[in-house]
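Me: Could you walk me through a structure? I'd like to start with the loops and then jump around a bit.

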Amino acid sequence: MNEDLPNLDLELLPPNDEDGHKPRILLLYGSTRERSFSRLLTEEAARILRLLGAETMIFEPSGLPLPDDAPGDHPKVRELLDLVLWSEGQVWCSPERHGSMSAVFKSQIDWIPLTLGAVRPTQGKTLAVMQVCGGSQSFNTVNQLRVLGRWMRMLTIPNQSSVPKAFMEFDEAGRMKPSSYYDRVVDVMEELVKFTRLVRGREAFLVDRYSERKESAEELSKRVNQRSI
Ligand SMILES: Cc1cc2nc3c(=O)[nH]c(=O)nc-3n(C[C@H](O)[C@H](O)[C@H](O)COP(=O)(O)O)c2cc1C
């Protein structure tokens with residue numbers, strides 16, 4: 001990946017305060033096309049994140065089987081799950097297809113189990129959502145990604161990016177051209193790093209729910225009662 005950042009005014013970036021380890025951000029995109037604009041946008045976001053002091057990993061969806069169409073220990077499924085567990089925050093970038101997120105994008109989320117032991121692997125992690133459009137700017141896909149983030153119990157940040165006519169926004173080398181859309185991606189990544197730092201160490205507190213504590217207490221007393229019969 002070309003690491004030059006010609007579009008970024010480095011002087012205007014916030015200080016990269018290191019607190020413990022770097023924020024670990026996993027980036028997912030939703031296409032297997034060779035020149036995929038959701039991948040190019042994801043790679044651009046990853047460059048910006050690294051400059052903001054984050055560590056980044058991008059999952060390549062090609063070769064991931066359809067949900068439930070392979071055993072859970074399939075190497076691509078394991079790779080995805082390991083990356084999800086490694087991450088503290090995520091970026092989801094899907095193309096819009098027929099007014100919704102792509103099947104390639106959704107398959108990745110559908111492979112993430114709701115619980116692993118007692119814990120949801122995505123629970124309490126931060127999330128930024130982005131989409132690329134072939135036509136005019138739409139927010140259908142980012143809105144759906146927000147709903148999906150809620151389902152995965154993630155903390156989705158307020159800012160988001162939608163790039164219209166994505167085929168116009170990247171040069172031959174696959175770099176995003178300077179534009180207000182590029183600046184918006186910088187804003188979104190800056191906000192994601194800030195939220196990830198704020199949330200760090202407080203994930204369990206933030207996702208702890210009364211109804212679930214009540215359910216576990218009831219479950220425990222049922223087991224104790226059964227043993228004493
Ligand atoms: C089957 C199909 C449906 C599409 N539907 C939409 C759509 O509803 N809205 C839109 O803006 N673009 C639509 N597009 C254009 C894609 O969003 C655009 O080509 C995008 O760059 C694809 O993502 P990728 O470059 O990462 O593969 C569609 C493209 C295909 C092939």
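Reply: Helices (H or I, at least four residues) and strands (E, at least two) are DSSP runs, numbered from the N terminus. This is a predicted model, where local features need pLDDT of at least 70 and side-chain atom pairs count only at pLDDT 80 or more, while totals for chains, interfaces and linings use all residues. Residues are numbered from 1 along each chain as its sequence is written, and side-chain values use heavy atoms, with hydrogens and water left out.

Me: OK, where is Arg153 then?

Reply: Arg153 sits in the loop between α4 (140–151) and β6 (155–156), and its phi is near 55°, a positive value in a residue other than glycine.

Me: And is Arg153 buried or exposed?

Reply: Arg153 counts as buried, at 12% relative accessibility; buried means under 20% relative accessible area, exposed over 50%, and partly exposed in between, with a 1.4 Å probe and protein chains only.

Me: What about His98, which loop is that in?

Reply: His98 belongs to the loop between β3 and β4 (100–101), and although His98 is not a glycine, it has a positive phi of about 50°. His98 is exposed, with a relative accessible area of 86%.

Me: Switching topic: how many disulfides are there?

Reply: The structure holds zero disulfides, a disulfide being a pair of cysteine sulfur atoms within 2.5 Å.

Me: Why is Cys93 not in one?

Reply: Because the closest cysteine sulfur, in Cys133, is 10 Å from the sulfur of Cys93, which is too far for a bond. Cys93 counts as buried, at 0% relative accessibility, and Cys133 counts as buried at 4%.

Me: Now Gln131, which strand is that in?

Reply: Gln131 is found in strand β5 (residues 126–132), and it is buried, with a relative accessible area of 0%.

Me: What does Gln131 touch further along the chain?

Reply: Leaving aside neighbours within four places in sequence, Gln131 is in contact (heavy atoms within 4.5 Å) with several residues, including Leu41, Ser94, Phe139, Thr141 and Val142. A polar atom of the Gln131 side chain lies 3.0 Å from the backbone nitrogen of Thr141. As for Val142, eleven residues from Gln131 along the chain, the two C-alpha atoms are separated by 6.1 Å.

Methods
A polar contact is a pair of N or O atoms within 3.5 Å; within protein, one must be able to donate a hydrogen and the other to accept it, and residues adjacent in sequence count only if both atoms are side-chain atoms.
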